Amino acid sequence: MPIAMPAKSRTPITPREATYPRTTESTRARGARFLLLCAQETRPAVLLIFLARFLVAGTAGLTSVTAAPSTLILGSLVWIASVAFSYLYNGVTDVREDRANGSRRPIAHGDLSVVHARRTAWALAAFALTGAAALGPVMFVVTLGMIALGYAYSSPRLSLKSRTPDTIAVVVTAGGLTYFAGWLAGGAPLTAGLVVLAVAMTLWMGLVGAVAKDFSDTRGDARHGRRNWTVLWGGRVTAFIVSVGAVAIGVALPASAVAFGLPDLLAPAGVVLAGAVALAAAALSARPGDSRSRRRLPYRIFMITQHVTHLVTLAQPAV
């Protein structure tokens, strides 16, 4: 007769308790991956340059970083959230074009849900407006304007992204609002150096970046009805226009620094001039059969130039 062995004394584990640690880890991993994909979709390099513009304006005239007010921190978070909304919402509305152009961004590649990305975009907008309201009515209106620009640029009903003049208007306005918002949040004195640099770099965004970004996406843009200059006039003509604009800004900025007696602007102005020459060379030497990566080179030079320009400016004494 078999002898029954005494059962080991232990506390029973319910199915929920048994799977809870695994579920928690999985949820955290999914959450972290989702945030990473959202960050990739909002273009980290673009977020950083908007932050750099904001900080250049917010710290203009200050002798040290410690002299900056605490409102500059909240203002930075508010502005980054408003910019992130614009680019995340753009990714939601650009799915067809991005896929046609071979984009590897998360939404176009199918890694990030359109529904979840749209909800996150509007959550960012809500956060930006809430934080802006805490900074005062003027900052609230400026932030609302930035969010409205992002919506108008990408919304299928308005689609300002479809025509180059509209795109230039949006980009120039966004640049101006960014410098103004930074100055507003930082409470720094308004200097001639800041005004000259802000005007030059806002034009750099509008006349150079807003046009050069289309060089690599002509095929998909034309297929989906966009009427930007690259589609209408071709790559050669548009490259010539971009090159003239870039070199004109590159020459005008150091000339203005000398004319107005602003020696602190000479170093950033030298960066812009060098970048303008490199960009013009890359744009004018492009060929119709070039790879997408090669056609995107002028835009990359545009981005690198403005990043280095603002870093050099931030590294200097008061502008």
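Start by selecting Ser-159, a residue that is buried at a relative accessible area of 13%. In this predicted model, Ser-159 sits in the loop between α7 (137–154) and α8. Check its backbone while you are there: phi is positive, about 50 degrees, although Ser-159 is not a glycine.

Now jump to Arg-43, which makes a good companion stop. Arg-43 also has a positive phi without being a glycine, here about 60 degrees. Its place is the loop between α1 (15–41) and α2. Is Arg-43 buried or exposed? Its relative accessibility is 16%, and the cut-off for buried is under 20%, so Arg-43 counts as buried.

**The whole chain**

Zoom out for a moment and colour by secondary structure. You should find 15 helices and zero strands. The chain has 319 residues, and 45% of them count as buried. If you draw a contact map, take the contacts with a separation of 6 or more: 76% of these join residues 24 or more positions apart.

**Helix α2 and its two partners**

Select helix α2, residues 44–58, together with helix α8, residues 164–186. Their axes are 7 Å apart and pack at an angle of about 45 degrees. The two helices are therefore oblique to each other, and α2 passes α8 in a right-handed crossing. To see the contact, show side chains on the α2 side for Phe-50, Arg-53, Phe-54, Ala-57 and Gly-58. On the α8 side, show Ala-174, Thr-178, Tyr-179, Ala-181, Gly-182, Trp-183, Ala-185 and Gly-186. Colour this contact by class and you get eight nonpolar residues, four polar and one charged.

Keep α2 on screen and swap α8 for helix α3, residues 71–93. Here the axes come within 10 Å and cross at roughly 145 degrees. This crossing of α2 and α3 is right-handed. From α2, the residues to pick are Val-46, Leu-47, Phe-50, Leu-51, Phe-54, Leu-55 and Gly-58. From α3, they are Leu-72, Gly-75, Ser-76, Trp-79, Ile-80, Val-83, Ala-84 and Tyr-87. How many charged residues does the contact of α2 with α3 have? There are none: the classes are twelve nonpolar and three polar. Phe-50 is worth a label, as it takes part in the contact with α8 and in the contact with α3. Phe-54 and Gly-58 can be labelled too, since they are listed in the contact with α8 and in the one with α3.

**Around the start of α8**

Go back to α8 and select Arg-163 and Asp-166. Side chains of opposite charge can pair when their charged atoms come close. In this pair, the side chains of Arg-163 and Asp-166 meet in a salt bridge, at 2.6 Å from N to O. The count of salt bridges comes to one. Where does the pair stand with respect to solvent accessibility? Arg-163 is partly exposed at 34% relative accessibility, and Asp-166 is partly exposed at 24%.

Next, click Thr-167, which is in helix α8. Thr-167 is buried, with a relative accessible area of 1%. Which residues does Thr-167 touch, once neighbours within four places in sequence are left aside? Select Tyr-153, Leu-160, Lys-161, Ala-210 and Lys-213 to see them.

**Val-242 in α12**

Move on to helix α12, residues 235–259, and find Val-242 within it. Val-242 is buried, with a relative accessible area of 0%. Draw a distance from Val-242 to Val-208: the C-alpha atoms are 5.4 Å apart, while the residues are 34 apart in sequence.

**Last stop: α13 and α15**

Finish with helix α13, residues 266–284, and helix α15, residues 297–315. Their axes come within 9 Å and cross at roughly 175 degrees. The cut-off for roughly antiparallel is over 145 degrees, and α13 and α15 are therefore roughly antiparallel to each other. On α13, select Ala-267, Pro-268, Val-271, Val-272, Gly-275, Ala-278, Leu-279, Ala-282 and Ala-283. Across from them in α15 are Leu-297, Pro-298, Ile-301, Phe-302, Thr-305, Val-308, Thr-309, Val-312 and Thr-313. Colour by class once more: the contact of α13 with α15 has 14 nonpolar residues, four polar and no charged ones.

Conventions: Residues are numbered from 1 along each chain as its sequence is written. This is a predicted model: local features need pLDDT of at least 70, side-chain atom pairs count only at pLDDT 80 or more; totals for chains, interfaces and linings use all residues. Side-chain values use heavy atoms; hydrogens and water are left out. Axes are lines fitted to C-alpha atoms, for helices over the stretch in contact, and angles run from 0 to 180 degrees between N-to-C directions. Helices (H or I, at least four residues) and strands (E, at least two) are DSSP runs, numbered from the N terminus. Angles under 35 degrees count as roughly parallel, over 145 as roughly antiparallel, 65 to 115 as roughly perpendicular and the rest as oblique. A crossing is left-handed if the near helix is turned anticlockwise from the far one by less than a right angle, and right-handed if clockwise. Contact means heavy atoms within 4.5 Å. Ala, Val, Leu, Ile, Met, Phe, Trp, Tyr, Cys and Pro count as nonpolar, Asp, Glu, Lys and Arg as charged, and the others, Gly among them, as polar. A salt bridge is a side-chain nitrogen of Lys or Arg within 4 Å of a carboxyl oxygen of Asp or Glu. Buried means under 20% relative accessible area, exposed over 50%, partly exposed in between (1.4 Å probe, protein chains only).
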